[in-house]
Amino acid sequence: QVQLVESGGGLVQAGGSLRLSCAASGRTFSGHSLGWFRQAPGKEREFVAAIRSAIRWTSGTIDYADSVKGRFTISRDNAKNTVYLQMNSLKPEDTAVYYCAATNRVGIRQLGSYDYWGQGTQVTVSS
């Protein structure tokens, strides 16, 4: 059974940092693109960041939502079957449940592209 398990969420003051991790089990995702999405209360789930597989694609393309560009960094460790999201300079508007996901489709910004999802981890940024 495929599982994605997020960790690293918590409460942090504005300007602080958190590092989220997402460990995959049940299969290897070295050939999949891995993404992070978030959902704030009363809002739709939105794209945050994604990283393609350097094994499957000619380059390990990374993409970010404009709202997090320059503050968040996505990375992956295929040996550990894990994807990370380093979040710096956090703002109250970053407060949300953060989800990791995996896909072998072309689109990495679209929710519908992703076949596997974690349960989410709460990130709360206080002002």
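Is Ser33 buried or exposed? In this predicted model, Ser33 has a relative accessibility of 1% and therefore counts as buried, the limit for that class being under 20%. Ser33 belongs to strand β4. Apart from neighbours within four places in sequence, Ser33 is in contact with Ile51, Arg52, Ser53, Trp57, Arg76, Ala101, Ala102, Thr103, Ile108 and Tyr114.

Strand β4 also carries Phe37, a member of the aromatic pairs. Five such pairs are present in the structure. In one of them, the ring centres of Phe37 and Phe47 are 5.7 Å apart and the ring planes stand at 75°, so this pair is edge-to-face. Because Phe37 is in strand β4 (residues 33-39) and Phe47 in strand β5 (residues 46-51), the pair ties together parts that are 10 residues apart in sequence. Phe37 counts as buried, with a relative accessibility of 0%. Phe47 counts as buried as well, at 10% relative accessibility.

Phe37 forms an aromatic pair with Trp117 too; here the centres are 5.1 Å apart, the angle between the planes is 55°, and the arrangement is tilted. This pair links distant parts of the chain, since Phe37 is in strand β4 and Trp117 in strand β10 (residues 116-117), 80 residues apart. Trp117 has a relative accessibility of 26% and counts as partly exposed. Together, Phe37, Phe47, Tyr114 and Trp117 make up one aromatic cluster. Tyr114 is also one of the residues in contact with Ser33.

Two arginines lie over aromatic rings. Arg45 is placed over the face of Trp117, at 5.0 Å from the ring centre. Arg27 is placed over the face of Phe29, with 5.6 Å to the ring centre.

The largest nonpolar core has 33 residues, and the members that touch the most others are Trp36, Leu85, Met87 and Tyr98. Two or more residues of this core come from each of the elements β3 (18-25), β4, β5, β7 (72-77), β8 (82-87), β9 (96-103) and β11 (121-126). Leu85 illustrates the contacts involved. With residues up to four places away in sequence not counted, Leu85 touches Leu18, Arg19, Leu20, Trp36, Val48, Ala49, Phe72, Thr73, Ile74 and Tyr98. Among these contacts, Trp36 and Tyr98 are themselves core members that touch the most others.

Three of the core elements recur in a sheet. This open sheet of four strands follows the order β1-β3-β8-β7, and its pairing is antiparallel. Strands β1 (3-7) and β7 stand at the edges with a single partner strand each, so each has one side without a neighbour in the sheet. On average, neighbouring strands of the sheet are turned by 15° against each other, direction ignored. In general, the strands of a sheet pair through backbone hydrogen bonds, in either a parallel or an antiparallel manner.

Taken along the sheet from β1, the antiparallel pairing of β1 with β3 runs over five bridges. Within it, Val5 has Ala23 of β3 as its bridge partner. The antiparallel pairing of β3 with β8 comprises six bridges, and here Leu18 has Met87 of β8 as its bridge partner. Strands β7 and β8 likewise pair in the antiparallel sense over six bridges, with Thr73 opposite Gln86 in β8. Strand β8 is largely enclosed by the rest of the structure, because five of its six residues are buried.

The connection between β7 and β8 is a hairpin with four residues between the strands. Asn81 is located in this loop and has a positive phi of about 55° although it is not a glycine. Most residues other than glycine have a negative phi. Asn81 is buried, with a relative accessible area of 16%.

A positive phi is also found at Ser89, about 50°, although this residue is not a glycine. Ser89 is located in the loop between β8 and β9. With a relative accessible area of 42%, Ser89 is partly exposed.

Technical notes:
Residues numbered from 1 in each chain as written. Predicted model: local features only at pLDDT ≥ 70, side-chain atom pairs only at ≥ 80, totals over all residues. Heavy atoms only, no water. Phe/Tyr/Trp six-rings, centres within 6.5 Å; stacked < 30°, edge-to-face > 60°. Buried < 20%, exposed > 50% of the residue type's maximum accessible area, 1.4 Å probe, protein only. Lys NZ or Arg CZ within 6 Å of the ring centre and 35° of its normal. Core = buried A, V, L, I, M, F, W, Y, C linked by side-chain atoms within 4.5 Å. Contact = heavy atoms within 4.5 Å. Pairing = 2+ DSSP bridges. Axes fitted to C-alpha atoms, helices over the stretch in contact; angles between N-to-C directions.
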